[in-house]
Each structure stands twice: as structure tokens, then as C-alpha cells.
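Here is a short tour for you to follow with the model open beside the text. Take your time and turn the view as you read.

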Amino acid sequence: MSKTTKKIEANLKKRYAKEKRFRAYGVVSLLISFAFLAVLLVTIFSKGLPAFQQTYIKLDIELNEKILGINKDSDEDALFSASYSKVVKNSLKEMFPGIKGRKQKRALKNLVSKSAAYDLRDKVLEKPTLLGTTQSYWFLAKDDVDVFMKGNIDRTLPESDRRIKDYQLAWIDKLMDEGRLEKRFNTVLFTEGDSREPEQAGMRGAIVGSLLTMLVTILLSFPIGVATAAYLEEFAPQNNRWVDLIEININNLAAVPSIVFGLLGLAVYINIFGVPRSTPLLGGLVLTLMTLPTIIIASRAAIKSVPPSIKEAAIGLGASRMQVLFQHTLPLAMPGILTGTIIGMAQALGETAPLLMIGMVAFVSDIPTGIFDPSTVMPVQIYLWSDSPERAFTERTSAAIMILLGFLVLMNVIAIVLRKKFEKKW
Amino acid sequence: MSVQTILITLFALLIFSFFIGRKRSIAVSTPVGKTGGRRNLHSRPHYYGYMVAIWAGIPALLILALWTSFNSSIISSLTVSGLSDSLQSQSKDAIGLMMNEVKNLAESGNIAAESDPVLRNAASHYQRLQGISTLAKTVIVLVVSLLGMLIGWRLISPKMRARNKVETVVRWAMILCSSIAILATVGIVFSVLFESVHFFKAVPPSDFLFGTTWSPQTALREDQVGSSGSFGAIPLFVGTLLISAIALIIAVPLGLMSAIYLSEYAGKRFRSVAKPVLEILAGIPTVVYGFFAALTVAPFIRHWGEAIGLSVASESALAAGLVMGIMIIPFVSSLSDDVLSAVPQSMRDASYGMGATKSETIRQVIIPAALPGIVGGVLLAASRAIGETMIVVMAAGLSAKLTINPLEAVTTVTVQIVTILTGDQEFDSPKTLAAFALALGLFVITLLLNYVALHIIRKYREQYE
Amino acid sequence: MTELKPDIEKRSEFDIEINGTVGKPFVDNPKMSSRNCDVFYGDKQAIFDVNLDIANNEIIAMIGPSGCGKSTYLRVLNRMNDTIPICKVTGEHTLDGEDIYGKKQDPVLLRARVGMVFQKPNPFPKSIYDNVAYGARLHGLASNRSELDDVVESSLIKAGLFKEVKDDLNKPGTGLSGGQQQRLCIARAIAVDPEVILMDEPTSALDPIATALIEELMDELKENYTIAIVTHSMQQAARVSQRTAYFHLGKLVEVNETDKVFTNPEHQLTENYITGRFG
């Protein structure tokens, strides 16, 4: 064995130890990334899952005609504006007699959500003959009760440290003993718009708002993006200043921080063109500019991957370049284009910052019905709820995130399936 | 008619135009008493249909778009000019406020309920103008469309090169679409520059660029005691850099090492699972990261910091930077992956052929060779971190403190833009305008970073091509 | 009725059978040797049952049409194929009687002992000095700077490059001309003092003058090293080597003294190849 070999052998052990260490750094880096992802998802899901359940309280309501000041023959206006909250309050008072002091009285009233009165009104409007009878109904419980029922308030803490006082605890215990408290699937989350009261707040407005905004975005960005990509790939002259300028600007758009697009919306769309604030139309216009680069880049790649032989064959048969584009190139490139579009839409669906700038952050409790109605979108709703101090909103924020992630997963799965299904090797 | 109704009517007209165009082309090309005239046509019949539809659609749509875009600003200024001179001489803000009231009143449909006669008059004036405008718009758009249809219809003859005409229009439409990217950039530059110039009229640029105090509260009334606001942006930029630096310190090593492990060590099956999982981090909306940072990470850091005797702000820069770092890990790793795989196989072969181990090859050959590309990628990541908004809005502080201690709360450029523009806005006040000046700074910095980064990466790729 | 085969097919090289290797594949006291070597890329077999010895201090040339497996075989000898995940090598291979693919064998040490020069000059994007010093630094061959300087200088001298670059040692190696780059790669390879140097078409990317320089260099190097060279050029094989191995479709057809191969080949295929009927 030569001298050199001996020297090398002497160092080998150290070098292999280094090799192992380096490899370990790689594994650890990946593990850290995965761990973060896991912690993030577990935190959100564990916080958000309980929000899909909601506490309801069963009350025996005496629909006293005298207190309500109406009877079954009253006209609809009277039925509509009667003070139903009073009978709800009375029902509670009857169940827990001898409550003294304004604080306790208010606490008692706050066992049930304010929506109880509206529910009751709707029931009476539907069937006025109920007046004068006593009925048992399930009403939404107030958020504090809900939070307590989900085990998020520790009753062993000293009274001064908890949101629910001893007397309230006694009421809740009694209600539980009588089987008047129940957790059910939270339909409010999907059927209602935003509300200041956590127990009445739902995602419907934000979901509809997001869908409308996405509709505007896709209707604008898809044709514009595909037309741009097709032009740049198939028609644009080489070394043309205008074409170079277009390419540079597409890259710029991809690089600009999203919040700047919000300022563009504010200064140009709102102040110059008078696009109404807070609307899906405006949101869609802003997001269109943000998704365009994604769609253009994906479409260009898809168009480029169509083999020239197919195009040449069609041109050889006497087709014009435009006919080749619409009859051969675009149909063949469509799976790739659609995949890119869906990914762009998924980005747009999660985008928040620019929409804050154009007023979509306003509190909107109505469900939008068109692209000209003020509305919010899912990520902004998440932002708004995360800012609310109530404990119950934290839970709802996490649930809202789960719903948003659900939409994103769905879109990405569609994109992956599309890619797998139409993947072609030429 | 509302815009939507006009659009639907127009659409119906277009379909109608297409069919009459197609039909006429066949009719004009068929000699009397014979059939099958299509052969005499220059183009296939549907191209004549498209041509008529284009004539009916494009001029009308153009008018509609222009009209709708400028409708509200023109009507507003007309309403303002209908006001008495004394009212017109008010400040811009006051007029703006008043016009808002007028608009709301006009749209509420219940003008009579308003007690102020000036507002009542203005609102009814506004409403009248709006009515005239809508009616004129409807009539003009539809008439232009019908006229276009007629012209297109009369143009049809067997020799007309309909296909070429249609294709020319489509081509121009494509050029127009691709020019939107330019328009958008112009729009961005215009919107931030224009307002920034206003801002720099009130606040000297040197104060903005080199001032070390940021407190944008200006006096609401002239006689109010208190500060006139100071607009030194240094603390904001330092805060932004601090958080971005923390993010990069976390993301660059983790992202780079992940990329190295995945591309050089991992088996095919592990890679096919691990890569998409890493990509999930990139797909999570930033608002979710913001929520995670504020709800989980910040209290966690605070808790542990205090456990070892450090004072940690509840909105520490560390929490925001950490979470931002996680967010850009996949960004760094996919960029590094591209860059590393651009290093030619012959380099690896040369190193392995000398008896280098994998890690020696990576550290001493591949990384140095890929360094320019990696630097470019890091710059891109930095630009991403600097422009990131939601995480810092939700997890970083509001008060502009000039510090580089990661345990303290700092604020960033994007946070201030959001805070200023989502709060109650005083129109044209330096405070509102400051947001645009900040955005200008942000725009310039990110664009420069991107430009430099892409330049480096391109040079790097050319080297191995 | 018997089917008539067209004449042209009879003459096709595919019809000539290869039954083992003809000539003299084995030597006494070999430096390296292979027995029953098969190489697979996934399901595809690239090398079929190659048996060959390489003698001490000889230059052996491996020739054959492209795709015949000569480069693949060369890469077997220093386990470079390990870096390709789908590649599988079987058979017995030894260096000085030690099993190359054995459990005890360390690929790092093996590659230090069996160096390699590649088809395309592939200097690292580092200075000339750092390129040559790379291996010595890796393996810890020099304990201080002056030792390292000596290693670099002597390697560059051996590679015949020192005169040209002695003032530019800190300039990037990628700035040299193609021929200089290849000599730099040779200097880099001999800096770790290998016993065998494998050369994979080292001059195919170079002009004739640079090629001549490298061939001269090989002649000098064979005093101290054993060299196996894969080449596309029969003239080169004839010029530099003592023995020549002819590969065809993954099989080793013939091994003989170079003179014999080029003047009086034993196998029909070898003859067809050297007379230029195909390849």
C-alpha cells in the first residue's frame, strides 16, 4: 500500500463522519419544515374543529298575547315588530326566579343569543295561531355559554379570573341537568353572514363574496392571459421593442408586492373610474392583474410544449396561423393552461392584503347577491375575525381557515387530476 | 337600462348578427336558381357571421366601456358645478364629503326626507343627470350596435376576405390583451407616484428618507394643539429589514438544505412525497400564517423568553420573522433546486472521480458553482419578505420603534400602509398620502431587488448553457 | 419453399456471432482485472460478460462503435457507475487483487487510487491552483501550504502545463483553452497520486494540436501510471496504446497487442470495424 493511500485512509473516518453530519443537516431541515407545517395544521384544526358544533338552549316560551301586544288576528306589521325578546326574557326569569341586581339580570338574559327573538318572530309569522300557547324551542346559546360548554373555561379558577361567574355556572348546571343544553352541528357558520355576535356570525357572505370575486377574476384573467400567451408565443415578432416591453412588464407584475395592487385599485379603479368600493367587481379587477402573470407563464409553457410538427402539418394543409392556433394549438395546450389558471385562482382566493386597501374589509352582514354589492371575501373575513377579542371568534377564525383551506385543497386536487389525466408526452 | 341589461341586449344582438351575416354570405354567393353557393365565397360562411358581429359589437362595447368608466366622475363634477359659488369655494375635502352625502341621498331614493335644502337640490340634480346619462348611454350604445350590424351586413360580398378581416381584429385584440401588462405597470407607477408627489410637497423628501421618528398623526383642526406629524421612514424600513432578515436567516439555510437533501440524497419515492408536502407551505394563504403567528408563535416565544429571563414584546419581530421564514422556505428551496440542478453533471463527475464524498462535492464544487444563482434566489426571497403584508399586519407591532432587537415590537412599511389606508381616511392629508410614498419606496425596492436577482440568475444560467 | 434472405442481411454485423473474447484478454500479475462483468441500466443490459485484465504500467485502449459499452466498462473500474441510481454492476473486479466492489472496499479511496479524466474538459469554476489542489485538500495529502504548493507544481509539470500557467495560478481554470483545460484536468487527477488513470475519450473535444500534446503526455505518464483509455479514434489507439480491446454491442470481442489488432485482427467484427465497414 502506497504512502498516499495510507494518508487517505487515515482521514477517511473523519470525512465520513462529516458526510453523515451534512446529510443529517438536510434531514433536520426537512423535518423542521414538516414540523412547522404539522404544528400549524394541528393548531388550526384543533382550535377550529369545535366551531363546527354550536350550543343550543331549550326554552319553554309562553307566547303571551298581552306581553307581546298582539293576537293571531293582528296584521303582519304588528306581528313583525312585537317585542319577542321580552317573552324570551320572561321564560328565563321563570326558570330562574329570584334574580336580583341589574348585573345578574343582564347575565341571565345573556344566556341566550339575541337571535332567539328573531327566530321566535319568524315562527309566529309563519303560524300566528301559536300565540297564546306555550311552546318549547331550541335557541342559539350566547357565545360565553358555548365557550364554556366546549370546555374552554376552567371552572376551577377563582371566580374573578373567569368570564363566567359562579351564579352563571349554577344556571348552566341546572340547564344541563334538565337536558336543556345541547351541542349540534353548526349550520349558522354556513347559512349566515357576518355578525358582531360570535354565535350568529357565519361565513356565507364571505364564501359568496369570494365566489363572485373569483368569477370576475377568471372571466377577465383567463381570456386576457391566454390571448397574451398565444400572442407572445405564436405571433409576436422577434426583437420587437413593444414585445420586449410586454415581457418585462409581465415579470414586473409578478414581482410587485400584492399590497401595491391594492393601492392601484384605490387610486385608479376607485378614484378615477369610479368602480364602487368593497364590491366583488373591484376585488376581481385587482386580483386579475395579480393572477395574470401566473396564467400567462403557465399558458406559454403549455403552448410551447405543443410540438411544431402538428402546427406545421396544419399549415401545410392550408390553414391560416389563426386557424392553427384555435383549432390545434389551444385545444392541445388547454390542460396545461387550465392547470395554471386553477393555480392562479387558488392564489387569488387566498389573497388578502390588496383587498384590505379597497374596502373589502368593511363589516358586511348581508349576503351579496351580485358583483355590485358590498361584500367581503374569505381571507378578509378570517382577518376580521382574528382581530375580534371574543374567545368564540378565535374558534370561528380557525374554522373559517379550515373552510378556506378546504377550497384550496379542492382546487389543487382538480389541478393535479387535470395534469395527470391529460399529461401527454410527445 | 343598467349596464348588465345593456350587456345582455348587446350579447343577443351579437348572436343575431352572427346568424344574419352567415345567412347573407350564403345568399349573396348563390346564383339565382342554383344551390351550394359557398364555393364562390372567399371565406367560409361563419367568418362573415363573425365579421358582422364584430361590427355590431366592438364600437358599441368601446363606447359603453368609456362611458361607464368616466360616468361617475363627470356627473360628480357636473353636480358640483351646479352648486352655488360659495359652496364650490370650499376645500376639496369638504366638497368630497358633501358629494358623498349627495350620492348616498340620491341612491337612497328618498330625497324628500332630507332636511337640508342644498343637499336636497344637489341630490335631485345628481339624480336627474344620472337619469339622462343612463338613457343616453343606452340609446347611443344600441344605435351604434345596430348601425355597425348594418354596415357589416352591407359589406358582405363573395369576394370579401372575411377571414382575413376577422383574423386581423383577433390579432389586434391579442396585442391589446398583452399590452394590459404594460397598462397595469403604468397604472401602478402613476397611482403611487402621483400621490407621492403630493406628499413630498407637504413633507420634504429628506425628512421622509432620513427622519428617525414616525408618527403620522396630524392635527385634525388647524388650531389643535399637538404635533404636526413626523414622517421619518427610517424606523419603518429598519423594522421591515429586521423582520425580513430574521425570515431569511431561517428560510435560507432550511430551504437550501432541504433542496440539497431532496435533489442529491433522497430516493425517488421520498422525493415524490416530500416535495409536494413542502409545496403545501407555499400554498397556505398568508392570512393563515398571520393568524398562526399572532395566536400561537408570538405567545410561545414570549413565554419561553420570559422563562429564561428575557423581556419579550407580545408582538415581537422574532415571531413575525420566524413565521415569515417558514412561509418562504418552499420558495427558497424550489429556487435552489432549479439553480443546483443547473450545475452540469460533468462537475459532479469530476469531483466524484477524484474520490470526493457527496457532501464534499456539494460543499466544495456544487454550491460554489451555484453561488450566483443562490444569491439571486435569496434576493428574490428578500423581495418577497419585504413586500409581505398579512403576517406583519397581524403579528408585528404598530408603533415605530427604531431598534434591531428581535425581541421588541417593530412596525414595517406594509403595516403602516395598511393601518393608514384602512383606518378613517382624511382625504389628501399628509397622513393618507404618506401611505403612497411608502408604497413607492416598497415598489422601487422590490423591483430593484428583482431586477438584480433575475439579472444574476440569467447570467449564471448562460454560463452553463 | 425456402425463403430467400436478401444478401445484404447476411453481411449485416448482427449475423456475426460473438462467442467469448478472442485474443489475449488475460495477463500475468494484472493491475486490474474483471471477470464475468455484466452491467444493467434498469432492465437494459449494457455490458455482457466481459473478462479483461489490465497490466501494470501499460496503456490499454478500448475502441468500438458508439454505444458499444466501452465508456460504461471504464466507469465500472472506479465505481463511477455508483452515482447512477439505476445502474447495476455484477461480476468480480479487482485492483491489485482487492475486490473493488467488495464490502471492505471504500469507493472514496478507490477513486483516489483509480483517477479519471473525462470526455469534455471539466475544470471546476475555481482558480487553476485550487483545481489542482482540490484532491490533495480533500484527501488531506498536504499538511501545509508549501507541501500543497509542491503538489500543485509537480502535478502541473507532469501534465506539461506548468510553463504556460505558472504566472496565472490564481486565474480561473475555466479561462484556459480547451486543450489546456484538459491538461489541467489531468494535472488535477495526478495530484492525488493515483495508480491507474482512466481516460474517457480525453481528446474528442480538442483540436489536433492539443490532441498531440495530450498523446505525448500519456506516453510520459505511462512510466509511473497504468492508463486505460477509451477512444473513438483508431489512429489514436494505434499511436498510444500497447494493447487494444475491441467492444461491440456490450461484448468484448477481441483483445490483443495493438499492432496485431490493427494489422491482423483475429475476429471478423474487429476487421470490419478497423477497415471502416461500419462504426
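Strand 1 (residues 53-62) of chain A runs antiparallel to strand 2 of chain A, and seven bridges join them. Two strands are said to pair when DSSP finds at least two bridges between them. One of the partners is easy to find: Y56(A) has L140(A) in strand 2 of chain A as its bridge partner. Strands of a sheet pair through backbone hydrogen bonds, either parallel or antiparallel.

This is a predicted model, in which local features need pLDDT of at least 70 and side-chain atom pairs count only at pLDDT 80 or more, while totals for chains, interfaces and linings use all residues. Residues are numbered from 1 along each chain as its sequence is written, and chains are lettered from A and ligands numbered from 1 in the order in which they are written.

The sheet in chain A is open and has three strands in the order 2-1-3, with antiparallel pairing. Its edges are strand 2 (134-140) and strand 3 (181-185) of chain A, each pairing on one side only. On average, neighbouring strands of this sheet are turned by 35 degrees against each other, direction ignored.

Seen as a whole, chain A has 18 helices and three strands (DSSP runs numbered from the N terminus, H or I of at least four residues for helices and E of at least two for strands). Its radius of gyration, taken over C-alpha atoms, is 31 Å, well over the 22 Å that the globule rule gives for 426 residues, so chain A is more spread out than a compact globule. That rule is 2.2 Å times the number of residues to the power 0.38. The C-alpha trace of chain A spans about 95 × 75 × 40 Å along its principal axes.

Now to two sets of residues, sorted by class. Helix 8 (residues 234-265) and helix 11 (residues 317-341) of chain B pack at an angle of about 35 degrees, with their axes 5 Å apart (axes are lines fitted to C-alpha atoms over the stretch in contact, and angles run from 0 to 180 degrees between N-to-C directions). Elsewhere, 10 residues of chain C are in contact with seven residues of chain A, where contact puts C-beta atoms, placed from the backbone, within 7 Å. Helix 3 (residues 107-113) of chain C gives the largest share of the chain C side, four residues.

| Set | Nonpolar | Polar | Charged |
|---|---|---|---|
| Helix 8 with helix 11, chain B | 21 residues | eight residues | one residue |
| Side of chain C that touches chain A | five residues | two residues | three residues |

Here Ala, Val, Leu, Ile, Met, Phe, Trp, Tyr, Cys and Pro count as nonpolar, Asp, Glu, Lys and Arg as charged, and the others, Gly among them, as polar.

Notes:
Two residues are in contact if their C-beta atoms, placed from the backbone, lie within 7 Å.
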